[in-house]
Amino acid sequence: MNKRRISTAGKYRALFETSFGSGAVVASEAGVLEVFLPFGGEEKGELLTQLTDLYPLALGENRVTREAADLLQRYFAGERVEFSPVPLDLAGCTPFQNAVYGVVAAIPYGAVRTYGEVAALMGSPTAARGVGSAMAANRLPIIIPCHRVVGAAGALTGYSAPGGVASKKWLLTMEQG
């Protein structure tokens, strides 16, 4: 978990439980800001402490955090869910990141695209490394399914969420299973 402190005005949070542990969603008035995946194995109390450190005033839920947490809990239970109705707050992202996230959000459940394919789909065929950098900065894993972006020839590379490539492999196997 990052050791940063985030502006907390108008922030909300909700927790969700999976067989892997606890996860969380943080949102602003505009939409979901950050997803904390359960792969870190944190107990609920540990996760609450980390969330309080990062978002000290985000103590309650709102409609967006409840909806996103419910969808994530169902996703981790193996249910195929659509995250498109959940509003996102991408205000802190660069225009390039927003373009990458738009392409990646459209990758169908169970499918994968290479970094090069994502770059080509956004009209920047030589920007595969930039796509990788945008994926590493993705604060909304699963909702913006960066685990569906793979290296050339399908190589499972670069997953910065807890559990790294092993978590990426598990997610893809679950979706393709």
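This report covers the nonpolar cores and the salt bridges of a predicted model.

## Basis

Local features need pLDDT of at least 70, side-chain atom pairs count only at pLDDT 80 or more, and totals for chains, interfaces and linings use all residues. Residues are numbered from 1 along each chain as its sequence is written, and side-chain values use heavy atoms, without hydrogens or water.

## Nonpolar cores

The largest nonpolar core (buried Ala, Val, Leu, Ile, Met, Phe, Trp, Tyr and Cys joined through side-chain atoms within 4.5 Å; buried means under 20% relative accessible area, exposed over 50%, partly exposed in between, with a 1.4 Å probe on protein chains only) has 44 residues. Val32, Tyr75, Phe76, Val100, Met135 and Ile142 touch the most other members. Helix 2 (63–76) is among the elements that supply at least two residues each. Helix 2 gives the most, seven residues. Helices (H or I, at least four residues) and strands (E, at least two) are DSSP runs, numbered from the N terminus.

Ile142 touches residues including Leu37, Phe83 and Leu171 (contact: heavy atoms within 4.5 Å). Another core, of nine residues, lies apart; Val26 and Leu47 are among them.

## Salt bridges

There are four salt bridges (Lys or Arg side-chain nitrogen within 4 Å of an Asp or Glu carboxyl oxygen). Arg148 pairs with Glu175 at 2.8 Å, N to O. The two are 27 residues apart: Arg148 sits in the loop between helix 5 and strand 5, Glu175 in helix 6. Both are buried.

Asp70, Arg74 and Glu79 form one network through shared partners. Asp70 meets Arg74 at 3.3 Å, N to O. Both lie in helix 2, four residues apart. Arg74 also bridges to Glu79, with the closest N and O atoms 2.7 Å apart. Asp70 is partly exposed at 39% relative accessibility, as is Arg74 at 31%.

Conventions:
Lists of a residue's contacts leave out its neighbours within four places in sequence.
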